[in-house]
Amino acid sequence: MIISIDMTSPTPIYLQLRNQIVIGIGKGELAAGERLPTVRQLASDAGVNTMTVNRAYQILKNEGFIETGRRKGASVCVTLKPEQAFHKKLESELELLSAEAAVKGMGKEDFLSLCDRMFSHMHPALGSSFT
């Protein structure tokens, strides 16, 4: 998986890293148990500060996407199960996206079609575990 950072984006770099890793997991590009680059290695590869990568990894760990250990580094979490907190976060984000789509004139069918198309890009084995 190649991570690219957009230095001109209003999205903070640590969130860009977090988001790209989550997308990589969702698409099956990063498998459960797979080791991620060390903080130093990813910082060097992406051309960012180690504290930025450390912050992204900490968020991913808190959200349950990765596990970290002093000796083993960071790896993709083996058990990714939705929790109540995740459902509330997802509902909140979908509410905002739905509102933005409606305000911009997008119809419900187009919005749902777009959601379906994006979800279909995710790894099949992962999608079935979230139902």
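## Exercises on helix packing and salt bridges

Helices α1 and α3 are oblique to each other. The model is predicted, and the exercises below start from this helix pair.

**Exercise 1.** Derive the orientation class of α1 and α3 from the geometry of their axes.

Solution.
Step 1. Two packed helices are described by the angle between their axes and by the distance between those axes.
Step 2. For α1 and α3, the axes come within 8 Å and the crossing angle is roughly 50°.
Step 3. Angles under 35 degrees count as roughly parallel, and 65 to 115 as roughly perpendicular. The crossing at roughly 50° belongs to neither class, so α1 and α3 are classed as oblique.
Step 4. The handedness completes the description: α1 and α3 cross in a right-handed sense.

**Exercise 2.** Determine which residues make the contact of α1 with α3, and classify them.

Solution.
Step 1. On the α1 side, the contact is made by Ile13, Tyr14, Leu17, Arg18, Ile21 and Val22.
Step 2. On the α3 side, the contributors are Thr52, Val53, Arg55, Ala56, Tyr57, Ile59 and Leu60.
Step 3. Sorted by type, the contact residues comprise 10 nonpolar, one polar and two charged.
Step 4. Assigning names, Thr52 is the polar residue, and Arg18 and Arg55 are the charged ones.

**Exercise 3.** How many salt bridges does the structure hold, and which residues form them?

Solution.
Step 1. Side chains of opposite charge can pair when their charged atoms come close. The criterion here is a side-chain nitrogen of Lys or Arg within 4 Å of a carboxyl oxygen of Asp or Glu.
Step 2. The count is three. The table lists each pair with its N to O distance.

| Pair | N to O distance |
|---|---|
| Glu63 and Arg18 | 2.9 Å |
| Glu67 and Lys72 | 3.7 Å |
| Glu93 and Lys89 | 3.1 Å |

**Exercise 4.** Locate the partners of the Glu63 and Arg18 salt bridge, and state which parts the pair ties together.

Solution.
Step 1. The closest N and O atoms of Glu63 and Arg18 are 2.9 Å apart.
Step 2. Arg18 belongs to helix α1 (residues 13–26), while Glu63 sits in the loop between α3 (50–62) and β1 (66–69), so the salt bridge ties together parts that are 45 residues apart in sequence.
Step 3. Arg18 also takes part in the contact of α1 with α3.

**Exercise 5.** For each salt-bridge partner, decide whether the residue is buried or partly exposed.

Solution.
Step 1. Buried means under 20% relative accessible area, and exposed means over 50%.
Step 2. Arg18 has a relative accessible area of 11% and is buried. Its partner Glu63, at 28%, is partly exposed.
Step 3. Glu67 at 31% is partly exposed, and Lys72 at 40% is partly exposed.
Step 4. Glu93 at 39% is partly exposed, as is Lys89 at 35%.

**Exercise 6.** Give the separation of Glu93 and Lys89 in helical turns.

Solution.
Step 1. Both residues lie in helix α4 (residues 84–103), four residues apart.
Step 2. That spacing separates Glu93 and Lys89 by about one helical turn.

**Exercise 7.** Describe the protein chain as a whole.

Solution.
Step 1. The chain has six helices and two strands, in the order α-α-α-β-β-α-α-α from the N terminus.
Step 2. Its C-alpha trace spans about 50 × 35 × 25 Å along the principal axes.
Step 3. Of the 131 residues, 23% are buried.
Step 4. Among contacts between residues at least 6 apart in sequence, 53% join residues at least 24 apart.

Methods: Residues are numbered from 1 along each chain as its sequence is written. This is a predicted model: local features need pLDDT of at least 70, side-chain atom pairs count only at pLDDT 80 or more; totals for chains, interfaces and linings use all residues. Side-chain values use heavy atoms; hydrogens and water are left out. Buried means under 20% relative accessible area, exposed over 50%, partly exposed in between (1.4 Å probe, protein chains only). Axes are lines fitted to C-alpha atoms, for helices over the stretch in contact, and angles run from 0 to 180 degrees between N-to-C directions. Angles under 35 degrees count as roughly parallel, over 145 as roughly antiparallel, 65 to 115 as roughly perpendicular and the rest as oblique. A crossing is left-handed if the near helix is turned anticlockwise from the far one by less than a right angle, and right-handed if clockwise. Contact means heavy atoms within 4.5 Å.
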